[in-house]
Amino acid sequence: MTTTRRNSRQRTLVYQAVKDSHSHPNAEEVYLLVRRQLPDISLGTVYRNLNLLADIGEAIKITTPDGGDRFDARTNPHYHFYCKCCKRMIDMDFDHMDKINHLASESFDGQIESHTMLFYGICGDCLRKS
């Protein structure tokens with residue numbers, strides 16, 4: 001028996017909140033954004049929809065060092081930088097992502113299809129403030 005998932009208004013609003021936010025919001029931030037248009041939505045519904053969006057490939061779930069998950073609607077291959085001072089998550093683009101897969105394959109007995117990478121440090125804004 002196949003289960004079909006209909007595209008609900010709640011999921012659409014959750015996706016739109018992630019897509020419109022370029023800050024890689026966590027579930028609580030998405031919840032506050034969606035509540036503006038749908039006051040009766042629960043935090044649990046937001047969590048379920050965010051996880052579903054990640055499962056079906058419409059969003060990326062990024063686990064951060066502070067224990068929270070962030071979400072990104074930009075699903076094309078790219079890296080992220082996490083600032084340990086201001087807690088911002090910043091997109092990073094590299095031209096050599098395929099090369100990294102190839103290099104890793106040379107020392108691994110298997111087939112590597114993709115990878116993720118999260119850089120940690122202090123962003124330029126925080127460096128300038130100190």
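This is a short talk about the largest pocket and the salt bridges in one structure.

Okay, hi everyone. One thing up front: what you see above is a predicted model.

Let's begin with the empty space. Rolling a probe the size of a water molecule over the atoms shows where empty space is left. Here, the largest pocket holds about 380 Å³ of space. Which residues are closest to its centre? They're P77, H78, M97, H115 and T116, out of 18 residues that line the pocket.

If you'd like to find that lining on the structure, look at strand 1 (60-63), strand 3 (79-83) and helix 4 (97-106), since each supplies at least two of the lining residues. As for what kind of residues they are, seven in the lining are nonpolar, eight are polar and three are charged.

Right, on to the salt bridges. Side chains of opposite charge can pair when their charged atoms come close. How many salt bridges does the model have? The count comes to four, and I'll walk you through some of them.

Let's take R74 and D91. They form a salt bridge, with the closest N and O atoms 3.5 Å apart. D91 sits in strand 4 (residues 89-92) while R74 is in the loop between strand 2 (69-72) and strand 3, so this pair ties together parts that are 17 residues apart in sequence. Are these two buried or exposed? D91 has 29% relative accessibility, so we call it partly exposed, and R74, at 26%, counts as partly exposed too.

Now stay with R74, because it also forms a salt bridge with D93, and there the closest N and O atoms are 2.4 Å apart. This pair links distant parts of the chain: D93 is in the loop between strand 4 and helix 4, R74 is in the loop between strand 2 and strand 3, and they're 19 residues apart. D93 is exposed, because its relative accessible area is 55% and the cut-off for exposed is over 50%. Put those pairs together and you get a network of salt bridges linking R74, D91 and D93.

One more pair, then I'm done. D125 forms a salt bridge with R88, and the closest N and O atoms are 3.3 Å apart. Why does this pair tie together parts of the chain that are 37 residues apart in sequence? Because D125 lies in helix 5 (residues 124-129), and R88 lies in the loop between strand 3 and strand 4. D125 is partly exposed at 36% relative accessibility, and R88 is partly exposed at 36% as well.

That's it from me, thanks!

Methods:
Residues numbered from 1 in each chain as written. Predicted model: local features only at pLDDT ≥ 70, side-chain atom pairs only at ≥ 80, totals over all residues. Heavy atoms only, no water. 1 Å grid on protein atoms, 1.4 Å probe; cavity = no way out; pocket = protein on both sides within 12 Å on 5 of 7 lines; lining within 4 Å. Points joined across faces, edges and corners; volume = space filled by probe spheres on them. Helix = DSSP H or I, 4+ residues; strand = E, 2+ residues; numbered from the N terminus. Nonpolar A, V, L, I, M, F, W, Y, C, P; charged D, E, K, R; others polar. Salt bridge = Lys/Arg side-chain N within 4 Å of Asp/Glu carboxyl O. Buried < 20%, exposed > 50% of the residue type's maximum accessible area, 1.4 Å probe, protein only.
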